[in-house]
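Dear colleague,

I am passing on the structure we spoke of, and my notes follow it. Please read them alongside the coordinates.

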Amino acid sequence: MKIAIYPGCMVLARFQEYELASRKVLEQLGYEIVELGEFCCCGASLLPGVTDNWVNLTAYTLALAEKAGTDIVTLCGNCTNNFKRVNSYFEGDHKVRDEINSTLGKLDLVYGGSVKVNHLIEVLYGKREQVAGLVKRKIDARVAVSHPCQVLRPKGITGIEDPNAFRRILEVLRLDIIDYPEEHECCGATALLFNEKMGIRQGRSKLESCKAHGANLVIAACGNCLFLLDRLQNKIFKENKELKIPVTALSQLVAFSFGFDDKSLSKPFTGSKVPRSTGSPTGFRG
Amino acid sequence: MNPKKISNPEPMNSEPVNAYGECIECGQCVESCLVLRGGETSIVSELNKTADTGAWNCVNCWKCIEVCPQDVDIYGFMMARRRKEDIPSTMRQSVKNIMGKGCSIYLRGINEIREADGLSPIKLIEKHKVKTLLGGHAQPEV
């Protein structure tokens, strides 16, 4: 089955290990990874407040995928939500559909609305049994899940029925998963754009709660969550460095469970100062 | 030039914005809003008429939409309000990057990094295509 990985700007620029691990995991699950040829922002940083034409950026990537005969897997919440929202304009007789295609036509493209977009969580959730069969090692860690808001909500756009889909994947990896009250709260990454202090405060509150409830590893599945919770930990815990906690991406953990040891998969925890060449993507004993 | 001016004069997003008509002021969106709890105003403040700014102060968690018993179109309401307000200065660089390069984060040497990691090189969308897709000005002064 063909699939194209859409990393999104944040993962493309800062989390190559998340993209690479996702690629390896999807290949293990039998997918043929297709390249779309060009990268274009999903439009998340524009939206109607900047220009109503943001939908054309989103549709451009969808049109490339349709032309290549592939569906898309996303790695970020924001991109997932945007793609699904634009796809919803192609259901029924929405006038935006014609306006988008009028613009795409200037670039000799057309979009018919056939590309299915799923976040990595949805793909792995749908293949839990196969994932379970590929697990080669149990990871000795107590993990906290940080659900990516925009993959889950609003349900009318995302179509996700099980709000704990992310958790269900980690369960088949036979991980020790902790409960904490803020599990479904936003990490605060988007707040960095309008109030950095608020974003940092929210990130800190979430990480502190993970640790207080016994976690020694946090798992995220969105470039923005990873940026705040991992890359900004030096800032979050500037005066309490002992409070730092490793954060890694879902696919890195799955790849490690599947037995991959590739050092390029182990570049997490910049904030936690764990060098990328240390081997284990989790820093924990396999 | 304000990037807002690149907008198509005919808004493409035609989602209905009928927030006030449906809201029963139950306050569940207020309770769910992370931004309000953080001490800022948010779109929920505008919806509840307790503040007249806050449309850009959103973490996009969409808890307000999930808890609303009336299915108020909070997304549509927020976007309609944003169209009328200036973009926060902190967001202008990413807007500029998208308009110039089709990517919100500047990617110097990205293909060297990708090659070192065993990933295939990436080709960013050409600037003239971004210009076409956004309906005119590819790189405004922001």
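Helix α2 of chain A, residues 16–28, has 13 residues, and because a rise of 1.5 Å a residue applies, the helix should span 18 Å; its end C-alpha atoms do lie 18 Å apart, so expectation and model agree. Please bear in mind that this is a predicted model. The same helix, α2(A), is mostly covered, with eleven of its 13 residues buried; those buried residues include charged-letter positions such as E17(A), E19(A), R23(A) and K24(A), as well as L20(A), A21(A), V25(A) and L26(A). Just after α2(A), G30(A) adopts a positive phi of about 100°.

Turning to the nonpolar interior, the largest core holds 147 residues, and L170(A) and L250(A) are the ones with the most contacts inside it. Helix α4 of chain A, residues 54–68, gives the most to this core, contributing nine residues. If residues up to four places away in sequence are left out, L250(A) touches L120(A), I121(A), L124(A), F166(A), I169(A), L170(A), I219(A), A220(A) and A221(A).

As for chain B, it has nine helices and zero strands, and 47% of its 142 residues are buried. Of the contacts in chain B between residues at least 6 apart in sequence, 59% join residues at least 24 apart. The accessible surface of chain B amounts to about 7,000 Å², and carbon and sulfur atoms account for 49% of that surface.

With best regards

Terms used:
Residues numbered from 1 in each chain as written. Chains lettered and ligands numbered in written order. Predicted model: local features only at pLDDT ≥ 70, side-chain atom pairs only at ≥ 80, totals over all residues. Heavy atoms only, no water. Helix = DSSP H or I, 4+ residues; strand = E, 2+ residues; numbered from the N terminus. Buried < 20%, exposed > 50% of the residue type's maximum accessible area, 1.4 Å probe, protein only. Contact = heavy atoms within 4.5 Å. Areas by Shrake-Rupley, 256 points an atom, 1.4 Å probe, with all protein chains shown as cover. Core = buried A, V, L, I, M, F, W, Y, C linked by side-chain atoms within 4.5 Å. Expected span 1.5 Å × (residues − 1).
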